[in-house]
Amino acid sequence: MAINDKKLYLLDEKAVTIDSNPSSEGTYRLYSLYPNNTLLTNSSGQPLLLPLSALKTVDIPRADRLQLAGIAPLFNLFNSDPQKRSLAYSQLKHTSDSATLSILKAALAKESNADALRTGKDALYAIQLYKASTTVSAKANIDSIADNWSDNAPVLLRDYARSGFLNQETAQYAAAKAAGLEKRYDNLQRVQHFFSGLSLGSILVLIALGLAIVYGLAGIINMAHGEFMMIGAYTTYCTQIVFTKALGIPQTDLFFFFALPCSFLVAGALGWVLERLVIRHLYAKPLESLLATWGVSLILIQTARLLFGDLTAVKTPQLLAGGWQVSPHLTLPYNRLFIIALSMLVVLFTYLMLYRTRLGLQIRSVTQNRQMSACLGIETRRVASITFFIGSGLAGLAGCAITLIGNVVPDMGQTYIVDSFLVVVTGGVGKLAGTILSGLGIGFFTKISESFFQAVYGKVFILVFIMLFMQYKPKGLFPDKGRIAED
């Protein structure tokens, strides 16, 4: 394999090869090749690390290296990398050598990776299918390929059907199995689109929830709402730095779960400051509030860029890495399942706060009629400050969640602010149920349209659809009724 990968060197006239990845100093671990393949160590018993300049490269002509092409996959069957093993399995599908078949069976007996095992079984069944001499044996192997259902199973079956290798009966049987697998795959793709829409809708609901409360109460078009989401994301990043650098705990998932309340509190506190310093003086001036909050958003974006640079990333907690494999071709990522669960939990707590607490009663009262609420003794300014704190905190919580599915950049809020306003306006200003339904609906329609069109055209389709919808329902899905609607 050292010859095949052009990693053959001489050290003191002995054949050695190098590790795949260099160290931070540009040095490599060395392995002897003959008579034993072992890691070389120094006099202290530590791995020997040398730069490539200290080694003599051995050049093998390409014609000689090509002679190894037939046996290279056999070595990779026992490679430590599952992807290389999968590739090696796929390269053996058309072999007819009995010795190779026995090696393949031995490798499959030791295979521990599910994806590689599926690919390996595919190769084994394909070899046995082309070696089958009876219709019964051929159909049994066709059934095995269909039950195993790897990524290439429909292609294998269709190729066999077109070849007419044994007889017409087995060819038609293979074609029917391939068509059945493709139909099942299409159904699973619909489920995948449904889940993707639910995931995107949950993200939109999580982001728009705070905006809906603030917009409904104050009527302020807060263009800086997306930047509070960005603040929550950077709070998560800072929490990770504290755990890894300050506390010296590099391998832990606790930082993310600490970051959830921290992102809510930090973003909420900055939202409270914004309301006290800027928004409070602009309640009766919607155009000025739009321009002012847009200026605040630019300031926050540039501040984040100066402090953190253009691109940072939060390490995904090990607990949320990977996914739940429902079937061979349907995997639901744990991070998106967590976002869906978090959105449901946040919606539940928001509902309980609005409809089961005294503060929620005051918020709904001020949202419906600020002047009458003031006449009844409600401190409308205090309620507005608390509402901005909660709304901004929810945006920060959304930013923390979004670090699970993307990088943290200074202008990340700009990506979601338009969709957030679309969710709020479509659902009905200040309406919790409307925010939930419109957020999920826009998420579903976005993913469905992207499955038929490109992402850009899918977004255009959603915008046109919302424009037409607002022509017939200008006050959203849940408009105010009675005297409130007249006001």
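This passage walks through the domains, one loop residue and the aromatic contacts of a predicted model.

The domain assignment divides the protein into three parts: domain 1 covers residues 1–59, domain 2 covers 69–166 and domain 3 covers 196–472. Taken over C-alpha atoms, the centres of domain 2 and domain 3 lie 49 Å apart.

A good place to start is Asn152, found in the loop that runs between α6 (135–148) and α7 (153–163). With a relative accessibility of 36%, Asn152 is classed as partly exposed, because this value falls between the 20% limit for buried and the 50% limit for exposed. Asp122 is 30 residues away from Asn152 in sequence, yet the C-alpha atoms of the two are separated by 8.1 Å in space.

Aromatic residues come next. Searching the whole structure turns up eleven aromatic pairs. One of them joins Tyr234 and Phe308, whose ring centres are 4.4 Å apart; the planes meet at 20 degrees, so the pair counts as stacked. Tyr234 belongs to helix α9 (residues 225–246) and Phe308 to helix α11 (residues 286–308), which means that the contact ties together parts 74 residues apart in sequence. The two partners can also be described by their accessibility. Tyr234 is buried, with a relative accessible area of 4%, whereas Phe308, at 27%, is partly exposed.

Another pair brings together Phe243 and Phe258, and here the arrangement is tilted, with 5.5 Å from centre to centre and 50 degrees between the planes. This contact links distant parts of the chain, since Phe243 sits in helix α9 and Phe258 in helix α10 (residues 254–277), 15 residues apart. Phe243 has a relative accessible area of 10% and is therefore buried, while Phe258 reaches 46% and is partly exposed. Helix α9 thus supplies Tyr234 to the stacked pair and Phe243 to the tilted one.

The contact between Tyr234 and Phe308 also has a wider setting: together with Tyr237, these residues make up one aromatic cluster.

Rings in this model meet charged groups as well. The charged end of Arg184 is placed over the ring of Trp149, at 4.2 Å from the ring centre. In a further case, Lys139 has its charged end over the ring of Tyr173, 5.2 Å from the centre of that ring.

Conventions: Residues are numbered from 1 along each chain as its sequence is written. This is a predicted model: local features need pLDDT of at least 70, side-chain atom pairs count only at pLDDT 80 or more; totals for chains, interfaces and linings use all residues. Side-chain values use heavy atoms; hydrogens and water are left out. Domain bounds come from an automatic or database domain assignment. Helices (H or I, at least four residues) and strands (E, at least two) are DSSP runs, numbered from the N terminus. Buried means under 20% relative accessible area, exposed over 50%, partly exposed in between (1.4 Å probe, protein chains only). Rings of Phe, Tyr and Trp (its six-membered ring) pair if their centres lie within 6.5 Å; planes under 30 degrees apart count as stacked, over 60 as edge-to-face and the rest as tilted. A charge sits over a ring if NZ of Lys or CZ of Arg is within 6 Å of the ring centre and within 35 degrees of the ring normal.
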